[in-house]
Amino acid sequence: MKFIGTFFSIFSRYRYIIVIVSGVLLLGFVGENSWMAHIRHQNTMNQLRDEIKAYEEQYHENTERLNLLETDIEAIKAVGRERYFMKAANEDVFIIQE
């Protein structure tokens with residue numbers, strides 16, 4: 001019985017501090033709109049922005065290669081030789097596998 005009286009005495013004396021601290025803890029660490037969730041979402045957004053940059057760079061490189069393939073015969077021959085092991089009539093092809 002003494003414990004309950006002591007608890008209510010402490011609670012009544014520090015009730016505003018207890019409510020403010022518990023509110024800050026709830027808003028900071030619990031729920032979908034918490035501070036921790038906000039940090040996780042920021043990290044995810046930064047990772048997605050990095051992926052977008054990488055895909056944009058890859059897109060520009062591939063666009064340049066496609067334009068080169070549409071205009072340059074030597075580029076088409078190089079792709080045929082590198083990827084599809086094609087050869088000219090007077091050449092020999094040696095395939096070395098690792």
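In which helix of the chain is confidence lowest, and in which is it highest? Colour the model by pLDDT, the predictor's confidence in each residue from 0 to 100, and you will find the lowest mean, 81, in helix α1 (residues 2-13) and the highest, 95, in helix α3 (residues 35-71). The chain averages a pLDDT of 87, and 99% of the residues score at least 70.

This is a predicted model, in which local features need pLDDT of at least 70 and side-chain atom pairs count only at pLDDT 80 or more, while totals for chains, interfaces and linings use all residues. Residues are numbered from 1 along each chain as its sequence is written, and side-chain values use heavy atoms, with hydrogens and water left out.

Next, select α3 together with α4; helices here are DSSP runs (H or I, at least four residues), numbered from the N terminus. Their axes, lines fitted to C-alpha atoms over the stretch in contact, with angles from 0 to 180 degrees between N-to-C directions, come within 5 Å and cross at roughly 110°. The two helices are therefore roughly perpendicular to each other, a term that covers 65 to 115 degrees. To see where they meet (heavy atoms within 4.5 Å), show Arg65, Leu68, Leu69 and Thr71 in α3 with Ile73, Ala75, Ile76, Val79 and Arg83 in α4.

Finally, stay in α4 (residues 73-84) and select Glu74 and Lys77, which lie three residues apart, about one turn of the helix. Their side chains meet in a salt bridge at 3.8 Å, N to O, where the rule asks for a side-chain nitrogen of Lys or Arg within 4 Å of a carboxyl oxygen of Asp or Glu. The count by this rule comes to one salt bridge. Lys77 counts as partly exposed because its relative accessibility is 42%, between the limits for buried (under 20%) and exposed (over 50%), with a 1.4 Å probe and protein chains only.

Methods
Angles under 35 degrees count as roughly parallel, over 145 as roughly antiparallel, 65 to 115 as roughly perpendicular and the rest as oblique.
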